[in-house]
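Welcome! Take a moment to look over the chain and its fold, and then let us walk through a few places together.

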Amino acid sequence: MRRVATLFSALTLATLSWTAGTTAHAAAHAVTSAPSHPAPSAQGTSVATEEQRAAVRFWTAERLRTARDVTTLPAARTAKLADPAPAAGERVAVPPLPGPTAPVSAPSPRATSPTAWTGGGLISTTAGKVFFQNASGGTFACSATVANSDNKSVVLTAGHCTVDAATGTGYRNWVFIPGYNNGNRPYGTFAARRLFWDAQYVSTRGNANWDYAFAVMNTLNGRTLADTVGAQGIAFNSQTGRHVHSFGYGGSAAEGNGERLNHCEGNEFADAGRPGSTMWGIDCVQTGGSSGGGFLADFSGGAGYLIGNISVSAGTNEYHPTLGNAALGLYQQAGAV
């Protein structure tokens with residue numbers, strides 16, 4: 001089993017106190033017709049073309065195998081939540097974009113603990129693994145999900161999978177492998193050309209309320225990411241307290257050592273354990289490597305609406321930051337490049 005890296009050591013964060021039948025035209029219209037929310041707190045990094053090519057070459061089978069799984073932020077050790085994210089705003093929803101035909105199996109038993117995803121559908125092509133390298137040269141693995149966007153090239157992941165909150169330094173050799181399974185890359189390896197995170201995540205030295213990020217992926221063989229694998233919907237300022245599903249590549253033996261897509265589900269509840277938290281969670285927790293994996297509402301037949309990403313774990317619970325106006329602005333900026 002690969003080693004599991006905690007963000008507080010290996011990533012130098014020790015000081016941290018939304019139908020699959022929708023047409024592409026309709027989906028694109030939904031994105032551009034959404035109200036504009038500037039993202040003054042957006043930060044990120046651009047990746048030169050040659051660096052993108054080098055990133056794909058860098059991730060050999062051996063490096064994929066030995067990359068350390070990034071642990072979800074332990075709730076007791078996250079930065080003080082003194083500045084909660086806005087709790088209200090206009091609801092904006094962008095529908096899923098169909099991808100390759102992926103057989104949908106009969107619903108599996110309710111996953112109250114991490115369970116191998118065998119249901120097929122859009123999630124089997126749009127969920128994937130992220131691999132990156134930090135400033136010290138360490139190699140790490142997280143999870144991410146393709147989100148429908150104007151440029152058809154955006155994935156949602158965690159802030160702590162894109163930037164070192166202690167230094168504000170973005171990670172490098174950042175790639176996304178959709179549909180990753182036991183080392184296989186069925187749709188290829190997509191390199192990031194831009195990474196976007198919320199400046200408040202860095203300025204608060206890792207406030208988990210802001211622990212979301214968007215990566216803009218380069219094309220592969222002349223095709224965008226969403227044209228290759230489809231995309232999940234995404235929702236902002238959405239209703240909370242619903243039945244939701246989460247997906248990630250947890251690194252424990254019970255989860256397949258990070259080599260398969262796993263699934264949790266449950267009814268959302270507010271994170272009442274920490275003052276100032278605006279996060280929501282479920283009574284199921286995925287382990288290291290699941291960080292950044294998608295939380296989806298209105299999930300059916302493998303498709304749904306992203307409402308957050310796996311960020312914080314506490315006991316048997318896992319939590320996601322809410323996607324509000326700041327996240328909407330960041331997403332719109334990512335979708336426009």
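## Around Thr-204

A polar atom in the side chain of Thr-204 lies 3.5 Å from the backbone oxygen of Tyr-201. The same side chain, that of Thr-204, also reaches the backbone oxygen of Gln-200, at 2.5 Å. A polar contact is a pair of N or O atoms within 3.5 Å; within protein, one must be able to donate a hydrogen and the other to accept it, and residues adjacent in sequence count only if both atoms are side-chain atoms.

Where does Thr-204 sit? Thr-204 is in the loop between helix 5 (199-203) and strand 14 (213-217). Here helices (H or I, at least four residues) and strands (E, at least two) are DSSP runs, numbered from the N terminus. Thr-204 and Ala-166 are 38 residues apart in sequence, and their C-alpha atoms are 9.1 Å apart in space.

## About the model

This is a predicted model: local features need pLDDT of at least 70, side-chain atom pairs count only at pLDDT 80 or more, and totals for chains, interfaces and linings use all residues. Residues are numbered from 1 along each chain as its sequence is written, and side-chain values use heavy atoms, with hydrogens and water left out.

## Two disulfides

How many disulfides are there? The count is two, where a disulfide is a pair of cysteine sulfur atoms within 2.5 Å. With the bonded cysteines of the protein chain numbered in sequence order, the pairing reads 1-2, 3-4.

One disulfide is formed by Cys-142 and Cys-161, with sulfur atoms 2.1 Å apart. The link of Cys-142 and Cys-161 is left-handed, with -80° about the S-S bond. Cys-142 lies in strand 8 and Cys-161 in the loop between strand 9 and strand 10 (163-164), so the pair ties together parts that are 19 residues apart in sequence. Both Cys-142 and Cys-161 are buried; buried means under 20% relative accessible area, exposed over 50%, and partly exposed in between (1.4 Å probe, protein chains only).

Cys-264 is joined to Cys-284 by a disulfide as well, S to S 2.1 Å. This link of Cys-264 and Cys-284 is left-handed, at -55° about the S-S bond. The pair links distant parts of the chain, 20 residues apart: Cys-264 is in strand 17 (residues 262-267), and Cys-284 is in the loop between strand 19 (280-282) and strand 20 (294-300). Cys-264 is buried, with a relative accessible area of 0%, and Cys-284 is buried too, at 2%.

## A sheet of seven strands

Strand 17 also belongs to an open sheet of seven strands, in the order 5-15-21-20-16-17-6, with mixed pairing. Two strands pair if DSSP finds at least two bridges between them. Which strands are at the edges? They are strand 5 (92-94) and strand 6 (115-116), each of which pairs on one side only.

Strand 16 (residues 243-248) and strand 17 run antiparallel and are joined by six bridges. Gly-248 has Asn-262 of strand 17 as its bridge partner.

## Two loop residues with positive phi

Most residues other than glycine have a negative phi. Lys-152 is not a glycine, yet has a positive phi of about 55°. Lys-152 lies in the loop between strand 8 (139-147) and strand 9 (154-157).

Asn-182, also a residue other than glycine, has a positive phi near 50°. Asn-182 is in the loop between strand 12 (172-178) and strand 13 (190-198).
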